[in-house]
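Biologist: Please show me the model. I have some questions about its fold, its rings and a few single residues.

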Amino acid sequence: MSGTAPVNHPFFARIWTYLSAHETAWLHDRRRENLAGLTGRVLEVGAGTGTNFAFYPATVTQVVAVEPEPRLREAAGRAAAAAPVPVQVRAGTAEDLVPDDPFDAVVCSLMLCSVADPPAVLRRLAAHLRDGGELRYFEHVASSGARGGLQRAVDATFWPRLFGNCHTHRDTEASITAAGFVPQQSRRGHQFPVWAPVPVSEFVLGRALKPA
């Protein structure tokens with residue numbers, strides 16, 4: 001272990017457990033899309049309550065799921081028991097990962113917003129991928145215009161404190177490229193109507209490769 005501080009967000013864990021238990025069909029479709037076509041061993045970082053687990057295709061032989069928040073990790077353990085593929089839930093953060101056999105893919109879902117240094121974390125994740133391995137990501141990202149101003153305002157005030165260090169105004173794809181990944185495809189969209197004043201509406205869903 002790297003000695004990072006324990007993660008303890010009881011308020012956020014309570015909120016996220018409720019929200020993940022009431023996800024919309026739209027969110028389920030995005031999770032399924034993010035995982036489609038994966039094969040072999042997969043590392044999922046920031047697994048939360050394990051909402052992704054039900055959507056892994058049968059071509060995945062193992063998922064190692066890392067979650068640092070103990071309440072969320074407990075829920076993820078229950079979800080793992082019902083998953084259609086083998087899932088091993090581990091404590092820790094991306095920074096805590098120790099050397100293992102290389103993974104075929106790394107999955108990040110709504111978690112790169114909450115790490116202190118996204119490019120550094122992504123470089124760490126790349127080290128756990130085989131050459132040519134995939135990064136799959138589904139993340140909310142920085143918006144422009146009025147929504148971008150709202151994101152900057154909430155990031156500087158209450159949002160990270162209430163929502164597990166979530167930062168809404170991040171250029172996540174720039175961080176992915178800065179970490180050495182080669183983008184293959186991505187698309188952007190909005191979870192809520194464009195006019196809705198919700199800071200986490202805009203998302204990006206895509207895949208990138210670790211160079212061979």
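The questions and answers below go from the whole chain to single residues.

Modeller: This is a predicted model, where local features need pLDDT of at least 70, side-chain atom pairs count only at pLDDT 80 or more, and totals for chains, interfaces and linings use all residues. Residues are numbered from 1 along each chain as its sequence is written, and side-chain values use heavy atoms, with hydrogens and water left out.

Biologist: In what order do the elements of the protein run from the N terminus on?

Modeller: Helices (H or I, at least four residues) and strands (E, at least two) are DSSP runs, numbered from the N terminus. The protein has seven helices and seven strands. Their order is α-α-β-β-α-β-β-α-β-α-α-α-β-β.

Biologist: What is the radius of gyration of the protein, and what does the globule rule give?

Modeller: The radius is taken over C-alpha atoms, and the rule is 2.2 Å times the number of residues to the power 0.38. For 212 residues the rule gives 17 Å, and the protein comes close to that, so it is as compact as a globular protein of that length. Its radius of gyration is 16 Å.

Biologist: What share of the residues counts as buried?

Modeller: Buried means under 20% relative accessible area, exposed over 50%, and partly exposed in between (1.4 Å probe, protein chains only). The count runs over the 212 residues of the protein. The buried share is 48%.

Biologist: What share of the contacts with a separation of 6 or more joins residues 24 or more positions apart?

Modeller: A contact means heavy atoms within 4.5 Å. Gly180 gives one example: leaving aside its neighbours within four places in sequence, it touches Leu209 and Pro211. For the protein, the share is 72%.

Biologist: Are the rings of Trp159 and Phe163 stacked, edge-to-face or tilted?

Modeller: Rings of Phe, Tyr and Trp (its six-membered ring) pair if their centres lie within 6.5 Å; planes under 30 degrees apart count as stacked, over 60 as edge-to-face and the rest as tilted. The count by this rule is five aromatic pairs. Here the centres are 4.4 Å apart and the planes stand at 40°, so the pair is tilted.

Biologist: Which residues do ring pairs link into a cluster?

Modeller: The same ring rule applies. The cluster is made of Trp26, Phe138 and Phe203.

Biologist: Is Arg41 buried or exposed?

Modeller: Arg41 sits in strand S1, residues 40-45. Beyond its neighbours within four places in sequence, its contacts include Thr61, Asp100, Asp101 and Asp104. The C-alpha atoms of Arg41 and Thr61 are 5.7 Å apart, with their positions 20 residues apart along the chain. At a relative accessible area of 17%, Arg41 is buried.

Biologist: How far apart in space are Gly180 and Lys210, C-alpha to C-alpha?

Modeller: Gly180 is in the loop between helix H7 (172-178) and strand S6 (182-190). At 39% relative accessibility, Gly180 is partly exposed. In sequence, Gly180 and Lys210 are 30 residues apart. In space, the separation is 7.1 Å.

Biologist: What is the phi of Asn165?

Modeller: Most residues other than glycine have a negative phi. Asn165 has a positive one although it is not a glycine. Its place is the loop between helix H6 (159-162) and H7, and it is partly exposed at 27%. Its phi is about 70°.

Biologist: Where is Leu110?

Modeller: Leu110 also has a positive phi, near 55°, in a residue other than glycine. It lies in the loop between strand S4 (103-109) and helix H4 (118-127).
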